[in-house]
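The following note concerns the model shown below. Its points take up the relation of the copies, their contact, one helix and the surroundings of the DNA.

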2 protein chains.
Amino acid sequence: MRQLPAVTLYDVASRACVSTATVSRVVHGLDRVKDSTRARVLEVIAELGYVPDSAAQSLSRRRKEVIGLVCVERTSPKLQYDIEAMSLLFYDEVLRGVEATIRDLGWSLMITYVNHDSESDLPRLMSLSGKVDGLLIGEGIVPPEIVARLVERIPVVLVAGNPRERVADVVTADNRTGAMALAEHLITAHGLRRFHFVDGPANAPDASERRRALMSVLRANPDCQLSGSSPGLFSVVSGAEAGQLLLAEPQLPDVVFCANDQMAIGVLQSLTRAGVAVPDQVAVVGFDDIFPGSLCDPPLTTVHNPIRLLGERACTLLLDRIAKPDLRPRVESLPTELVLRSSCGCPPGTNIRRPLQRQRGRSGQAKTLTSRALPAAGIS
Amino acid sequence: MRQLPAVTLYDVASRACVSTATVSRVVHGLDRVKDSTRARVLEVIAELGYVPDSAAQSLSRRRKEVIGLVCVERTSPKLQYDIEAMSLLFYDEVLRGVEATIRDLGWSLMITYVNHDSESDLPRLMSLSGKVDGLLIGEGIVPPEIVARLVERIPVVLVAGNPRERVADVVTADNRTGAMALAEHLITAHGLRRFHFVDGPANAPDASERRRALMSVLRANPDCQLSGSSPGLFSVVSGAEAGQLLLAEPQLPDVVFCANDQMAIGVLQSLTRAGVAVPDQVAVVGFDDIFPGSLCDPPLTTVHNPIRLLGERACTLLLDRIAKPDLRPRVESLPTELVLRSSCGCPPGTNIRRPLQRQRGRSGQAKTLTSRALPAAGIS
DNA sequence: AGATTTAGAGTAAGCGCTTAGATCGACGTA
DNA sequence: TACGTCGATCTAAGCGCTTACTCTAAATCT
């Protein structure tokens, strides 16, 4: 198990009787090198098992070809993993989108999770910023002051960030259209009137966008109302708690509109365990379309959030920003789909996906970027 | 959005009127520096927003303080993400264990996914090995030849690797004890006799260990038999396919014993959609105890695999190996728990976790579990 | 007082790579 | 023959840090 001694460019050069410059050229295949020389060098590289040292490359090129992904971990490791882990499904999916994109370019990905604790997070994030060329930061849990400090050091893209703030590039789902379509479906197709909203963490832009959209639909339908709302943390347990609170009320609402699927699953658990029939006595809907939502009973009606794509686009945007640091901040908002299953009152077995077209709000806030192909050219 | 010019150690040194060595000492707090000097330097660091460049540090220290995690992605991005993503839950959990451990030490984590495709994976993995101090590799999908080449370059720990091979350190769940306990429960508590096994990918050591353990229990119970088995890929869809195959058979087995939960969920879907009653007509059990298993209908009986802990221990082992490259290869096997819910025939609402003690046989293999009071209590 | 230790700080040699600019034949041209 | 040209290759200066070693002056010892 002893490791082979590390092989450097010099070893290869002297063995192949060429200069280090030539070896470097062969490795990168850019400049012209005589075929016979190239062959000899390649042979020595294979023989010696040479692999370039990334630290030296990064130092010399002044570019690390690494990006950092900062995910939110709302869980305490002390909690049962299998309950709380649910709140992580979102970033797992973002991660895969990012990794796939970055991989194709030959860059690498460094990942870290942050919790609520900004005191210990700040130094970690600053130090991370010294290890990467750019940072992808998940939604609002990194405080804006910290984001601002990072932004002045290196390129940053906010994933599921607040489309209203312009501190950095933002990629987000079109929460507004999705939540409005869902609310309208509940009202129009099922005649539901009394809405209860289960909110997300205070600093999660997704949650507030969804809440705002719901409210605007309710305002437009005078016979409808928000009969109440509960706080939540985007996790199954916090959804279950909201469900308990609901059960203690004198009257159930017509529908529990949850800011994400994890909480909807929690609400569903509380309600069905207490013998409440869903959707007959009360409908429950979520947002995001995570896999377990299709598994629960009744299957969850929700809005599809293209989470993986969110990761992919964020990554593309970041690479583009690394290449051109001077562009103005951009917001990219991705289309969602309405996913009708039976927890809203649609008949059992329903499984309809309805693509949604963006509804432009008068504030014109979320304007889609048309930069379809941000070419990674000029980056490599 | 213009970035501040990068601040180097020299900038800090000249601004604070000290040498770079002194600044470096202040940053690392090791050597003695006069308090007044330290204060001045710290002030300049804060003022200038200095963050050390990791590439230069790594080059100079000859250590990157980064480890790589190689996960298996059995999915094709072309498939519906929400179906196939399930097979990834395992590595998501490993990742969290690894990240939490590495983070506490101030190291960083680089993550990459590999698919079946070793031709494009080999160069990627070799190049990754130039960017990290050690590698954590998920189970058997990286071919042994490649693992061997990596091992001679840098420290490697195999996560959920084959405990029988000794090419590198291995961390694995005690699959044998877990699968045996589950099989014995099915036989003893529910009188099931005809077993169907849904296998995992050919190169997944977890799957074969579980199969072996099941077989050894069946051999020890002459009235029991393996009535058949199906191939599978650890994913929900492959489980659903196995379920379809089963439905085409003239006779159903007593129990479908799946090599992991994802496939059990797939089998469950196929079966219940075809109107087969689980567990009344046929029991279905899985392995790993991923969260969605507790959500499905009926809730899945399984074996708890301490996946996150797997990641933590693997990480610890790797760091230890980086410090001491000459140790002989080690195998660490973590205890599992039997998780009884109702898909095995236990009454609805059952939710029992039974910690399992490894039973070591003379050959180092686990021998038959003394059915140390698997109480018929709570079991019809 | 002179010698010796020591705390505090500086000097400079790398770490392994990239790359601008220098070099060097061989070849073509006047 | 003398002189440019050009492709192939080499030389060497960094990149931003760490750290072994050196230096200085003040503290301590004999």
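1. Copies are superposed by least squares on the C-alpha atoms of residues with pLDDT of at least 70 in both. On that basis, a turn of 180° with a shift of 0.0 Å along the axis lays chain A on chain B at an RMSD of 0.1 Å. The two copies are thus related as by a two-fold rotation axis.

2. This is a predicted model, in which local features need pLDDT of at least 70 and side-chain atom pairs count only at pLDDT 80 or more, while totals for chains, interfaces and linings use all residues. Residues are numbered from 1 along each chain as its sequence is written, and chains are lettered from A and ligands numbered from 1 in the order in which they are written.

3. The contact between the chains (C-beta atoms, placed from the backbone, within 7 Å) takes 51 residues from chain A and 51 residues from chain B. On the chain A side, at least two residues each come from H4 (54-61), H5 (81-84), H6 (89-104), E2 (108-114) and H7 (118-129); helices (H or I, at least four residues) and strands (E, at least two) are DSSP runs, numbered from the N terminus. E2(A) provides the largest share of that side, six residues. Because 100% of the interface residues of chain A are also interface residues in chain B, the copies meet through the same surface.

4. Helix H10 (residues 205-220) of chain A has 16 residues and reaches 23 Å from its first C-alpha to its last. The expected span, 1.5 Å times one less than the number of residues, is 22 Å, and the helix is close to this. Its buried residues (20 or more other C-beta atoms within 10 Å of their own, all placed from the backbone) include A:Pro205, A:Arg210 and A:Leu214. The buried residues of H10(A) pack against helix H9 (175-190), strand E6 (194-198) and strand E8 (255-258) of chain A.

5. DNA strand D is surrounded by 27 residues, the closest being A:Ala21, A:Arg32, B:Leu9, B:Ala21 and B:Ser24; a residue is near a strand if its C-beta atom, placed from the backbone, lies within 6 Å of it. H4(B) gives the most to this surface, with five residues.

6. DNA strand C is likewise surrounded by 27 residues, with A:Leu9, A:Ala21, A:Ser24, A:Ala56 and B:Ala21 the closest. Here H4(A) gives the most, with five residues.

Notes. Two residues are in contact if their C-beta atoms, placed from the backbone, lie within 7 Å. A residue is buried if 20 or more other C-beta atoms lie within 10 Å of its own, exposed if 12 or fewer, and partly exposed in between; C-beta atoms are placed from the backbone.
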